[in-house]
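Please examine the model shown here before reading the questions.

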Amino acid sequence: MDLCHVPATREKGWYLALMAPNVKGPNYAWLDPSRLYCHPQGLQDCVADLLQPFQGDSIDMVAGIDAMGFILGAAAAATLQKGFLAIRKAGHLCVQTAAQPYTDYSGREKVMEVRTDAILPGEPTGCSPFGRAASVSTGHSSTASPPPGLRILLVDQWVETGGTMRAAIELVERLGGVVAGRRGHPRVHPWDHHSHRLWWPVLSPTV
C-alpha cells in the first residue's frame, strides 16, 4: 500500500480504488475501507465529497454510529469545525442514556444508546454552547422562545438495510434534535461491477 501516491488528476471518487477486497470469506464484508482511511489525501477527498451536498446547510453537530461510523463522523466534524457525538452500542456509556432497539443487516436484534445531555432543545438564552436563541413579542414584554433542536448530521460507514440508521434517527429526534442529513456508504454486492462508483453518494440532505 503506497500512502504517498496521489493521482495527478484526482477525479471524484478516485479514492474508492484504495479499498481492499475481502480475502477471508463470506462472514466478512466484501470490501475493507480502512486502507482508504490510512491514505491522507484519500480520506480528505472522501470526506469533502461526502459533505459537498451540505454546503450552506446549518449543521450544529455530527453524530457517528458505533463503530466504524466514528472514523468518517469524527473526520467530518473536524472538517466542519463542529462537535462529535458518539452513538454507541448498548452497555458502553456510564452516563444517563436513551436507548433504541433495532435489527441490523444480519437480522440480529441489538440496542444502541446515546447520552441524553448532548442534544438539548429549548435551552434558555445564554445557556446553549451554540449561542442560538430567539425572542417573541407578547405586546407587553419580550420573552425568550425555545430555539429549534440542534441540527445533527448522522454518519455511518455502511448502509445496507437501513435499520441502524433508522434507529439513530429515532434517538436524535426523541431527544429533540433535527436530522440535518445522513451520510454513509451503501453495501453493495461484489458481482455488481458498478459497485465502486455507487459506494459513496448514497445519502442526501433531509429537512
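The questions below concern a helix, the nonpolar cores, a buried aspartate and the aromatic pairs. This is a predicted model, in which local features need pLDDT of at least 70, side-chain atom pairs count only at pLDDT 80 or more, and totals for chains, interfaces and linings use all residues. Residues are numbered from 1 along each chain as its sequence is written, and side-chain values use heavy atoms, with hydrogens and water left out.

Q: Which span is expected for helix H2 (residues 40-51) at 1.5 Å a residue?
A: Helices are DSSP runs of H or I with at least four residues, strands are runs of E with at least two, and both are numbered from the N terminus. The expected span of a helix is 1.5 Å times one less than its number of residues. H2 has 12 residues and reaches 17 Å from its first C-alpha to its last, close to the expected 16 Å.

Q: Which element gives the largest share of the largest nonpolar core?
A: A nonpolar core is a set of buried Ala, Val, Leu, Ile, Met, Phe, Trp, Tyr and Cys residues joined through side-chain atoms within 4.5 Å; buried means under 20% relative accessible area, exposed over 50% and partly exposed in between, with a 1.4 Å probe and protein chains only. The largest such core has 24 residues, and Cys-46 and Val-47 are among those with the most contacts inside it. Helix H1 (34-38), H2, helix H3 (69-80) and strand E9 (151-159) each give two or more residues to this core. The largest share, five residues, comes from H2.

Q: With which side chain does the side chain of Asp-104 make a polar contact?
A: Asp-104 is in the loop between strand E5 (97-103) and strand E6 (109-115), and is buried, with a relative accessible area of 5%. A polar contact is a pair of N or O atoms within 3.5 Å; within protein, one must be able to donate a hydrogen and the other to accept it, and residues adjacent in sequence count only if both atoms are side-chain atoms. At 2.7 Å, the partner is the side chain of Ser-106.

Q: How many residues apart in sequence are the parts tied together by the pair of Phe-70 and Phe-84?
A: Rings of Phe, Tyr and Trp (its six-membered ring) pair if their centres lie within 6.5 Å; planes under 30 degrees apart count as stacked, over 60 as edge-to-face and the rest as tilted. A search of the whole structure finds two aromatic pairs, one of them the edge-to-face pair of Trp-14 and Tyr-15. Phe-70 and Phe-84 are also edge-to-face, with 6.0 Å centre to centre and 85° between the planes. Because Phe-70 lies in helix H3 and Phe-84 in strand E4, the parts that the pair ties together are apart in sequence by 14 residues.
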